[in-house]
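Trainee: I'd like a close look at one single strand and its surroundings. Could you walk me through it, and then set it against the rest of the chain?

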Amino acid sequence: MVKCLIVDDEPLAIELLEKYVLKTPFLSLKGKCNGVTAALQLLNEETVDLAFIDIQMPGLNGIELSRILGDKIKVILTTAFEQYAVDGFRVKALGYLLKPFSYSEFLEASIRAKEWFDMVKHQNPFMSDNREHLFVKSEYKLIRIILEDIIYIEGLKDYVKFFVEGQARPIMSLMSLKYLEEKLSPKQFMRVHRSFIVNLKKIATIQRNDIMFGAVVVPVAEKYKESFHEFVQRGFLK
């Protein structure tokens with residue numbers, strides 16, 4: 001269960017969110033607050049995983065509360081104003097609901113949040129133990145990816161992009177690059193940058209400290225240079 005909290009200064013908005021939460025089987029409502037002060041007081045007493053926070057509130061607003069919570073509690077922001085979307089991105093919100101929103105929109109955001117928590121707890125049901133392939137969830141589908149076909153993987157906050165041979169577009173899935181780094185074989189895959197994991201078998205060209213995949217340049221960061229250079233040295237003829 002995902003333990004959640006509602007923070008909104010509008011009674012009708014709280015009532016609607018409470019109705020949606022109670023309707024969602026994997027959500028457990030731990031409290032509802034009409035402002036930031038009440039929310040902080042409740043959080044001293046209750047353990048919460050996820051907070052549905054309205055952005056515009058008197059005193060401290062939802063964005064400021066999100067910054068106070070940091071990474072301890074993930075947030076889904078709610079607002080009647082589209083211009084706050086960028087602020088939501090900056091505080092790493094898992095979702096952004098534009099009022100008035102339907103239950104289907106609420107459920108979609110909540111499912112994304114649940115998937116994030118599953119991934120963090122290493123309970124992601126979309127990873128296979130098979131050493132030849134993995135299954136990932138992308139756009140509400142399970143997609144089988146052959147490990148040999150992966151060229152490189154790019155991390156984007158809570159998402160990753162798999163660049164795969166024969167695929168016109170990358171496959172995007174909700175998980176972290178760190179999680180993948182721990183799951184993939186180090187004999188075949190190497191982290192070379194905070195944003196990139198490469199398939200060592202697909203490397204054909206290296207230019208200075210960059211790996212070239214056609215027109216795509218993947219940089220090798222200072223932190224990973226030593227291990228990458230060891231890999232390169234093993235490939236030299238003696």
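Mentor: Here is a walk through one strand, its partners, and then the wider chain. Keep in mind that this is a predicted model.

Let's take strand β3, which covers residues 50–54. It is mostly covered, with five of its five residues counting as buried. The side chains split by direction: L50, F52 and D54 point one way from the strand, while A51 and I53 point the other way. Both sets are buried, and that includes the aspartate, D54.

Now for the partners. Strands of a sheet pair through backbone hydrogen bonds, in either a parallel or an antiparallel fashion. For β3, one partner is strand β1, residues 2–7, and the two run parallel with four bridges between them. If you want a spot to look at in that pairing, find A51 in β3: L5 stands opposite this residue. Another partner is strand β4, residues 74–79, again parallel to β3, this time over five bridges. Here the residue to pick is F52, which has I76 of β4 standing opposite. To get from β3 to β4 the chain goes through helix α3, residues 62–69, and this β-α-β crossover is right-handed.

For contrast, have a look at an antiparallel part of the chain. There, five strands make up an open sheet, ordered β10-β9-β8-β12-β11, with antiparallel pairing. Its edges are β10 (171–174) and β11 (189–193), each of which pairs on one side only. On average, neighbouring strands in this sheet are turned by 20° against each other, ignoring direction. At the β10 edge, the neighbour is strand β9, residues 159–164, which runs antiparallel to β10 and is joined to it by four bridges. A handy pair to click on is Y159 and L174, since L174 in β10 is where Y159 stands opposite.

Stepping back to the whole chain, you have seven helices and 15 strands to place these pieces among. Of its 238 residues, 45% count as buried, and the five of β3 are buried too. Among contacts with a separation of 6 or more, 50% come from residues 24 or more positions apart. As for the outside, the protein chain exposes about 13700 Å², and 52% of that is supplied by carbon and sulfur atoms.

So if you go back to the display, start at β3 with its buried residues, then step across to β1 through L5 and A51, and to β4 through F52 and I76.

Definitions and conventions: Residues are numbered from 1 along each chain as its sequence is written. This is a predicted model: local features need pLDDT of at least 70, side-chain atom pairs count only at pLDDT 80 or more; totals for chains, interfaces and linings use all residues. Side-chain values use heavy atoms; hydrogens and water are left out. Buried means under 20% relative accessible area, exposed over 50%, partly exposed in between (1.4 Å probe, protein chains only). Two strands pair if DSSP finds at least two bridges between them. A crossover is right-handed if, with the strands pointing away from the viewer, the path from the first strand over the helix to the second runs clockwise. Contact means heavy atoms within 4.5 Å. Accessible areas come from the Shrake-Rupley method with a 1.4 Å probe; for residues, only the protein chains shown count as cover. Axes are lines fitted to C-alpha atoms, for helices over the stretch in contact, and angles run from 0 to 180 degrees between N-to-C directions.
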